[in-house]
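Here is a walk through the fold, strand by strand and helix by helix. Keep the viewer open and click along.

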Amino acid sequence: ACTRDEAEALFRTEWFDMAVIDLRLKDGRGDDVFYHAIGCQPHLERQSVFLTGDTTEGGWNLIRATGCPMVLKPYNNSELTNLMYSLLQPVREASA
């Protein structure tokens, strides 16, 4: 999804194992998307990652308040992939 509205609609209608959310969206903030997502799919509270290029104190505070890990832009794919894998590992082990 490219916008807050698109993401929120998807969380209402589709199941996600994980959410990767940009803090700054064209039409809103990623932390608002996160709170909407966990309202629809509570497991995403522990299985979400934020992406951001915002290095301001305000941006970091928004992410810190969610308790989610973040990846700073620009990032390499292996950094994001490794973080996603570590967040999903307990889920895979529990379902095995």
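β4 and β5 run parallel and are joined by three bridges; strands here are DSSP E runs of at least two residues, helices are H or I runs of at least four, and both are numbered from the N terminus. Two strands count as paired if DSSP finds at least two bridges between them. To find this pair on screen, look for T52, which stands opposite L72 in β5.

A word on the model before going further: it is predicted, so local features need pLDDT of at least 70 and side-chain atom pairs count only at pLDDT 80 or more, while totals for chains, interfaces and linings use all residues. Residues are numbered from 1 along each chain as its sequence is written, and side-chain values use heavy atoms, with hydrogens and water left out.

## The sheet

On its other side, β4 (residues 48-52) has β1 (residues 19-22) as a parallel partner, held by four bridges. Within that pairing, D22 has L51 of β4 as its bridge partner. Put together, you get an open sheet of three strands in the order β1-β4-β5, paired in parallel. β1 and β5 (70-72) are the edge strands, each pairing on one side only. From one strand to the next, the twist averages 25°.

Now zoom in on β1. In a regular strand the side chains alternate between the two faces of the sheet. Here, A19 and I21 point to one face and are buried, whereas V20 and D22 point to the other face and are not. "Buried" is under 20% relative accessible area, "exposed" is over 50%, and "partly exposed" is in between, using a 1.4 Å probe and protein chains only.

Past β1 comes L23, in the loop between β1 and β2 (24-25). L23 is buried, with a relative accessible area of 0%. Setting aside neighbours within four places in sequence, L23 has a long contact list, including F50, L51 and T52, as well as L62 and I63; contact means heavy atoms within 4.5 Å.

At the other edge of the sheet, there's a cis peptide bond between K73 and P74, with omega about -10°. P74 is in the loop between β5 and α4 (77-95).

## How the helices pack

α2 has two helix neighbours to look at. The angles come from axes, which are lines fitted to C-alpha atoms, for helices over the stretch in contact, and they run from 0 to 180 degrees between N-to-C directions.

| Pair | Axes come within | Crossing angle |
|---|---|---|
| α1 and α2 | 9 Å | roughly 10° |
| α2 and α3 | 10 Å | roughly 10° |

That makes α2 roughly parallel to α3, and α1 and α2 are therefore roughly parallel to each other too. For the angle classes, under 35 degrees is roughly parallel, over 145 roughly antiparallel, 65 to 115 roughly perpendicular and the rest oblique.

Which residues make the α1 and α2 contact? R4, A7, E8, F11 and R12 of α1 meet D32, V33, H36, A37 and C40 of α2. By class, that contact has five nonpolar, one polar and four charged residues. Ala, Val, Leu, Ile, Met, Phe, Trp, Tyr, Cys and Pro count as nonpolar, Asp, Glu, Lys and Arg as charged, and the others, Gly among them, as polar.

Between α2 and α3, D31, F34 and Y35 of α2 meet L62, A65 and T66 of α3. This contact has four nonpolar, one polar and one charged residues.

## Three residues worth a click

Is C40 buried or exposed? Neither quite fits: C40 is partly exposed, with a relative accessible area of 34%. C40 lies in helix α2 and touches F11 and R12, not counting residues up to four places away in sequence. C40 and T13 are 27 residues apart in sequence, with 9.1 Å from C-alpha to C-alpha.

Q41 is in the loop between α2 (30-40) and β4. Q41 is buried, at a relative accessible area of 2%. A polar atom of the Q41 side chain lies 2.7 Å from the backbone oxygen of E14. Outside the residues up to four places away in sequence, Q41 touches F11, E14, W15 and F16.

T3 lies in the segment before α1 (4-13) and is buried, with a relative accessible area of 17%. The T3 side chain reaches the backbone nitrogen of E6 at 3.1 Å. Leaving aside neighbours within four places in sequence, T3 is also in contact with L25 and D27.

Key. Polar contact = N/O pair within 3.5 Å; in protein donor to acceptor, adjacent residues only side chain to side chain.
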